[in-house]
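Visitor: Please take me through one part of this model in close detail. I would like to see where two chains meet, and what each side brings.

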Amino acid sequence: MTGTEPQPIRIVGMTGRSAGAVLVVLALAAALPLVLSKYQVGLATEILIFGVLAMSIDILAGFAGRTSLGHGAIFGVSGYVVVYASAQAGLSPASAFVLGMIAATAVAAVFALLAVRTSGVYFLLLTLALGMIVWGICLRWTQVTGGENGMRGDVRPAFLVEHRPFYWAVLVATALVSYAMWRFVRSPFGLTLLGIRDSESRMKSLGYNVPLHLFVGFTVSGFFAGIAGALYAMFNNFVSPSTVALAQSVEGVLMMIAGGVGTLFGGFVGAAAIITLENVVSAYTERWQTVLGVTFILIMICAPEGIIGTLRAIAARGEERYKGN
Amino acid sequence: MNRRQFLKNSTAAFAAAGTGVAPWRRAIAQAGPIRIGLLTPLTGVVASGGKEMVEGVQFYLDQVKNEIAGRKVELIIEDDASNPDTALQKARRLVEQGNCHMLIGDLLANTGLAVANYVKGTGTPYFIPIIAADDLTQRQRIKNVIRVAGYSASAFTHPFGDWALKQGYKKIATISQDYTFGHEQCGGLAQVFTEGGGEIVQQFWHPLNTADFSPYLGQLADLKVDAIFAMETGADATRLIQQYASFGLKGKIPLLGAMNATDQSVIRTLGEECDGIIAAAHFAEGSDNPVTQKFSKEYEAKYGKIPSLYGFSMYSGIMWIAEALEKMGGKVEDRDAFIDTVLKTELTGSPLGKTVKLDSYGNPIYDVQIRKVVKRADGKYWNVPIASYPGVSQFWKYDPETYMKQPPYSRTFQGIKKA
Amino acid sequence: MSTFQILNGLTFAALLFVVASGFTLIFGLLRIVNLAHGALYLLGGYVGFTVATRTGSFALGGLGAMAAIAAIGLVLDQGLLRFVRGNDLRQVLLTLGFAFVLNDLMLVIWGGDSFTVPIPQMLKGGMRVFGVFYPTYRLFVLVTGIVVFAGLWGLLNHTRLGALIRAGVDDAEMVEASGVNIRRVFLVTFLLGSALAGLGGLMGGAFLSLYPSADAEILVFSLAIVIIGGRGSLVGVGVGSLLVGLLNTLGQVMFPELAYFVIFGPMALLLAFRPLGLFGRAATT
C-alpha cells in the first residue's frame, strides 16, 4: 500500500463516490410510491422492514461468526409490546415504539447471557430453543398476548395511516438504522467482532474479553431487530404467535444468506429477492414451500456467499484479471 | 386446480359465450367479471379442510356454469397457510392487487380475525362460512363481515346441553382444544347443562396438536361421569377418538363430540372407533332429507369422498352470495346494497333442504340435528340424525341483549351455574 | 404420578428414543444437524402406512419404511450434502431446505388428512399390567424401544463397525489416517440413522397418527433430546428420551400452561452451562 495516494474526502464516514451512490439509491427508493400501486408499495415497505431484520442477524452471523435462529422471536416480541402498549394500554405510537425497542433489547440481552459461551451449531440450537420458549409464552399466555388469536390494534399515528407516508417514514427509519449498523460494524468494536469471527483464541490471547464483546454484539443486534419488529407491528396493525415463530427466524436467516453473509446491505437484496419471488411464485402455484426449499438448497451448494457476495467475488476476479494485464 | 388453470378455463368459457353477439352489446352486457377472493389453508395444519373448502366453492360454480346474475365469476384462490400473518398478506394481495369485489373463506379463527381486522379498514365484504368465533357476530360485530351459511361456536352446543339433560346425564366432563373455538363450544354446553341441573365435573384443556392424549384419558377414566364431551378438530380429533377406543373407554363412557370431531374430514380415515359417537350440528351428510341426499350423492360422485362440513359450508356460502346477487342484478360494486341484500336474503337452495335466514346480527338460524356416527352399507361411516331442534338462534333461548352482557366464553368463563 | 402416567411417559420416551437415536448417530459421527430428520420420520410413516394398508402387513410396512427412508437418506447425503462437506452451517441449512421440499411433497402425495397406521390384530386391545389396563400396542412400542437400544448398544460396542463409529465420533481424522475408509462408515451411519427415523414414523403413525406438522414436532423433541443427552452418546440419547418423554407427560398433566417451557427451559439452561449435554464429549478436532 503506497502512502503517497491522496486521502479521499469522507462525508459521514463515506467517500464522496459512495455517498453519491447512496443518495441515488435513496432518491430512487423515495420515488417508488409515485409509480407503484398500493399493494406494491406495501411490498416495498415489507422489503425495507425485513431488510433491517436480515441486517441485524448479519451483525452476529457475518461479523461475529454466530448464526442465530432466535432473532425472529426478538423481532416479534417488539411487535407484541408495541401492539399491547398501543391497543391495551392506550399509549401513543411513539411511546409504544420505544417500549418495543426496549423489550427487544432486553430479550436479546437475556438470550445473549445464555448463549455467549457457545458457538457454531450449538449456538444455532440454543437460540432456536430460546426462540421456542418465547413462542410458547406468546402462544399460551392468553390473558396478555391474546394467545392463538394474536392482538389487533390501530398502532400507526394518524399522519402515517396512508400507505405512502408510511412507506416514506419506514424509508427514513431504515436509512438511519442502516447507517447506524454500518458505523457499528466498522467501529473498533465491530472490528473486534470480526477478529473473534476469524480466530477466537487469538483474540483471547490478545487480552480481549470475548464473551463480553459477544454479549454486547448480540444485544445491539437485538436492538436493531427490535426496531424492525416495531415497524412491522405498525405495518400490519396486528401481531400473532406466527410473528415470533421459528419460521420467522428461518426466513430472516434465509434473507441474510440470499443477500450475502457479512455484506450487511445484502440483507435488503435478500429480502427483496425472497419477497418478490414469493409473490411471483404464489400467483402460479401452491408449491411455494418447495420453491423456497429448492432455493435454499441451491444457494447452499452453488452460491453460499449470496447474491452480493457472489457479485463481489466476480468483480474481484475481474479486477485481478484487469490488474494482471 | 390452481389459479392459472382456472383463469384459462374461465377465459375460454368467456370467449365461447361471447361469440355471436355484437361487440358493443357484449361490452355493455358483460360489465366485467365478479371477482371473488377465496382464502383457504392449502398448506399447514388444517390443509385437508382447506382443500375441501375449494371443492365446495367449485362444486357450486360448476353447477351454475361459473356465472352469477349474468356475469362471469373469476375465482382467485390464495393459500393462508393456516397462519394469520400469511392470511393478512394474502387478503391484502386479493383486495389491493387482485381487485376482488369480496373475500370469502378462511378456516382457523385466528386467520379470520386477522382478515376481519383488515377489511374493517377497507370495507370489503368478507364472508366467513367456516370461522366460528362467536364475537364476530355478537359483541365485536363488523358490518361488512358476514357469517353466511356459517355458525357461531356455541350455537350447536346449547341445544346439545339440553339433549344431554334429556338423556338423564347428570355429570359430564369435557376435554377440549385450548383456544377460543373450544372454549366457546364447551361454554355453550356447560351453561345450558348446568342451568338445567347438571354438573360439569372437570374440564381438560390441551394445546392444539397434542399427539398423546394418554395423560388426559387416564384422568377421565377415573372420574365417575355419565358422558364425556370432546371438542376436537382435525388431527386431534382423529387421535382422541382412536386413543379413547384403545384405552378401553369406548363402550364404557358415552362419547359426545363437537361436530368437527365427527366431521367427514375426520371419520373418513377412521374405523370402528368412531362408531356411535354423538354430536350436534346443522349438517348431517347421512340425513334422509331428499335435498341433502342429492347433495351428498353428487358430491361423492364428483370428488370421491362424502362431503364434510367444509365442503358443505362453502357450497352454501357461495350459493347464498349468488342468490343475493341475483336479487340485485349482479351489481356487486354497490357495496352497501350488496351487504344489505345478503343480510336480507334467505337461502332457498340449501342442501339442508330447508330455507335458512340470518338473524338481525348476521348469523344464520338453523334446525340443529343431534346426529350419530353409523356405518353405511358399503362400510363407510357417516352421520345420521337421531333428534332435532328446530329454529335455533345463536343466543339459544336467551334474550340477546342480556346474553351479550355476560362475558364471551373463555377458559375462565364457561357459563357454569353454581349449584 | 400414577403408574398409568408413568407408562404413558415411558412409551412416548421409547418412540422418541428410536427417532432421536438416528439423529444422534448422524450428529455424533458426521457432525451434521439433520433438520430434515423430522420430515424423514413423517415420510417413513406415510410410506409405511401405504405399504401396510396395501399388503395388510405391519411388518412389511416397517421394512418398507426403513428401506424407503434409507434411500432418501442416500439421496440427501450423496446427492446434496456432499457439496457442502466440512461447513457445518451450510449443511444444517441445506437439510432445512430439504425438509421444506419433503414436507410439501408429502402434502401433495398424501394430502392433509390424518392417517393412522393399522396395527396387527394381535397388538390390538389392552392388557392388565402393574394394575392398570394399558393398550398392548403401546407396550409393544416400549419393548421395541428397548430392543433398539440393545441392538444399537451391541452394534456400537461389540462390532468393528461400532468401534469405528465410536472412534470417529471422537476423532474422525485420526480414523481416516489409520487407513479406514471413513467415507463408507459415514455413509452406513447416515443410512442407519435415516432408517431409524423411518421406523419411528411407522411406529408413531400407529398411535399418534400422521399429519402435516408431525415432522416439525418430532424434530423439536429430537433436538431437545440430543442436546440434553449429548452428542454422539447412546446412553445420552436414552437418558434424554426418558427425561423428555416423562417431562412432556408430567407437563401435560400438571402444568398444561407451560407446555413447551417444561422441556425447553431445562434444555436452554443445560446448553448455556453445559453445552455438551449430560453425556457428550468434546471432539478432539
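**Where chain C meets chain B**

Guide: In this predicted model, 27 residues of chain C are in contact with 25 residues of chain B. Start on the chain C side. Three elements of chain C each give two or more residues to the side that touches chain B: α1 (3-30), β2 (132-135) and α10 (234-254). Of these, α1(C) supplies the largest share, four residues. Now sort that side by class. Chain C presents 13 nonpolar and 12 polar residues to chain B. Charged residues number two.

How far does the predictor trust chain C? Its mean pLDDT is 87. In chain C, 97% of the residues reach 70 or more. Confidence in chain C is highest in helix α2 (residues 37-55), at a mean of 95. It is lowest in helix α11 (residues 261-273) of chain C, at 78. For the complex, the predictor gives an ipTM of 0.86 and a pTM of 0.86.

Now turn to the partner, chain B. The domain assignment splits chain B into domain 1 (3-127 + 290-353) and domain 2 (154-288 + 366-405). The C-alpha centres of these two domains of chain B lie 30 Å apart. The domains also touch: 17 residues of domain 1 of chain B are in contact with 17 residues of domain 2 of chain B. On the domain 1 side, α3 (47-63), α11 (290-303) and α12 (309-327) of chain B each supply at least two residues. By class, that side of domain 1 of chain B has nine nonpolar, six polar and two charged residues.

How values were computed
Residues numbered from 1 in each chain as written. Chains lettered and ligands numbered in written order. Predicted model: local features only at pLDDT ≥ 70, side-chain atom pairs only at ≥ 80, totals over all residues. Domains from an automatic or database assignment. Contact = placed C-beta atoms within 7 Å. Nonpolar A, V, L, I, M, F, W, Y, C, P; charged D, E, K, R; others polar. pLDDT = per-residue confidence, 0-100.
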